[in-house]
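Please examine how the helices of this model pack, which side chains they enclose and which they leave open to solvent. The paragraphs below take these topics in turn.

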Amino acid sequence: MNRVVAGCALCSASGLLWMGLFRLSNHLMTQLFKAKKWSVSAHHIMNMSEAIVSSLQAVASSVCGVVVVVSCRHDVMKAVHPLASWYAWVAGSYFIYDAIAMYQVHLASLAEVPKRFIDRVCSYLRRRTLLVLHHVVVAFVLVPVLVYRSGLGDFFVGCFYCVELSGPFTNMRVVLSRLGLKTSRYGGSLS
């Protein structure tokens, strides 16, 4: 099988996985909050679901990064680890998924959703311009660079994947904020 075809298959499968995890966490949290009789809005539940999937991706990225860094530490320029290129396909699908999930969260936050699709998209782009641009550039510029870099510098690619290590902590802040638990029991803010 051609490497590009295999990469596209991996990208598609992982994209379905990210969206499935988002839908699953959204469903489970909706049921949990309904059972506990907590009043948490659909928008907040979707936002927390997005944060959970983002945390999972951050952990996966960091683990891949550590594996690549450790295996390539003996020759930072020429040592090769296949995970450095293959995880780029997974990361690309994540950034595409995340742009779609952010759009859905945005729609859930609106008091009145515009009827026309173009108006909904324009509303989303006005509110999240830089974040959407970041996702598009990573998915359609950086990922191809990571895939087609001729196997040089896998050590640095691994370091790049480790940047996501702060993701779970940042996303936990989103979840705590949405649940109204952003302040500690001592009265101080965690922000």
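A51 counts as buried because its relative accessibility is 4%, where buried means under 20% relative accessible area, exposed over 50% and partly exposed in between (1.4 Å probe, protein chains only). The residue is found in helix α2; helices here are DSSP runs (H or I, at least four residues), numbered from the N terminus, and strands would be E runs of at least two. Setting aside residues up to four places away in sequence, A51 touches N171, V174 and V175, a contact being heavy atoms within 4.5 Å. A further link to that part of the chain is given by the C-alpha atoms of A51 and F169, which are separated by 10.0 Å although the residues lie 118 apart along the chain.

The model is predicted: local features need pLDDT of at least 70 and side-chain atom pairs count only at pLDDT 80 or more, while totals for chains, interfaces and linings use all residues. Residues are numbered from 1 along each chain as its sequence is written, and side-chain values use heavy atoms, with hydrogens and water left out.

F22 is placed in helix α1. With a relative accessibility of 0%, F22 counts as buried. Beyond residues up to four places away in sequence, F22 touches M46, S49, E50, V53, Y97, A101 and Q104. The C-alpha atoms of F22 and A42 are 13 Å apart, with these positions 20 residues apart along the chain count.

In soluble globular proteins, nonpolar side chains tend to be buried together. A nonpolar core is a set of buried Ala, Val, Leu, Ile, Met, Phe, Trp, Tyr and Cys residues joined through side-chain atoms within 4.5 Å. The largest such core in this model has 28 residues, and those with the most contacts inside it are W18, Y87, Y97 and Y161. Helices α1 (3-35), α2 (42-72), α3, α5 and α6 (154-162) each supply at least two residues of this core. Its largest share, eleven residues, comes from α3. The surroundings of Y161 can be listed in detail: not counting residues up to four places away in sequence, Y161 touches S61, S62, C64, G65, L83, A84, Y87, A88 and L146. A second, separate core has eight residues, including A99, Y103, L107 and L110.

L110 also appears among the contacts of S123, which, leaving aside neighbours within four places in sequence, is in contact with H106 and L110. S123 lies in helix α4 (residues 117-127). Its relative accessible area is 14%, so S123 is buried.

Where does the model show a nonpolar patch on the surface? The patch is formed by I96, I100, L130, L133, V136, V137, F140, V141 and V145, with about 810 Å² of accessible area together. Patches are made of residues with over 30% relative accessible area and no salt bridge; like charges are joined within 9 Å, and nonpolar side chains (Val, Leu, Ile, Met, Phe, Trp, Tyr) within 5 Å. Accessible areas come from the Shrake-Rupley method with a 1.4 Å probe, and for residues only the protein chains shown count as cover. The elements giving two or more residues to this patch are α3 (82-109) and α5 (129-147). Helix α5 provides the largest share, seven residues. L130 lies in helix α5 and counts as exposed because its relative accessibility is 69%.

Charged pairs come next. A salt bridge is a side-chain nitrogen of Lys or Arg within 4 Å of a carboxyl oxygen of Asp or Glu, and by this rule the count is two. One joins the side chains of R116 and D119 at 3.2 Å, N to O. R116 counts as exposed at 52% relative accessibility, whereas D119 counts as partly exposed at 31%. In the other, the closest N and O atoms of R149 and D154 are 2.3 Å apart. R149 counts as buried at 15% relative accessibility, and D154 is buried with a relative accessible area of 1%.

The cysteines remain. The structure holds zero disulfides, a disulfide being a pair of cysteine sulfur atoms within 2.5 Å. C8 is in no disulfide, and the nearest cysteine sulfur, that of C11, is 6.7 Å away. C8 is partly exposed, with a relative accessible area of 38%. C122 is likewise partly exposed, with a relative accessible area of 32%.
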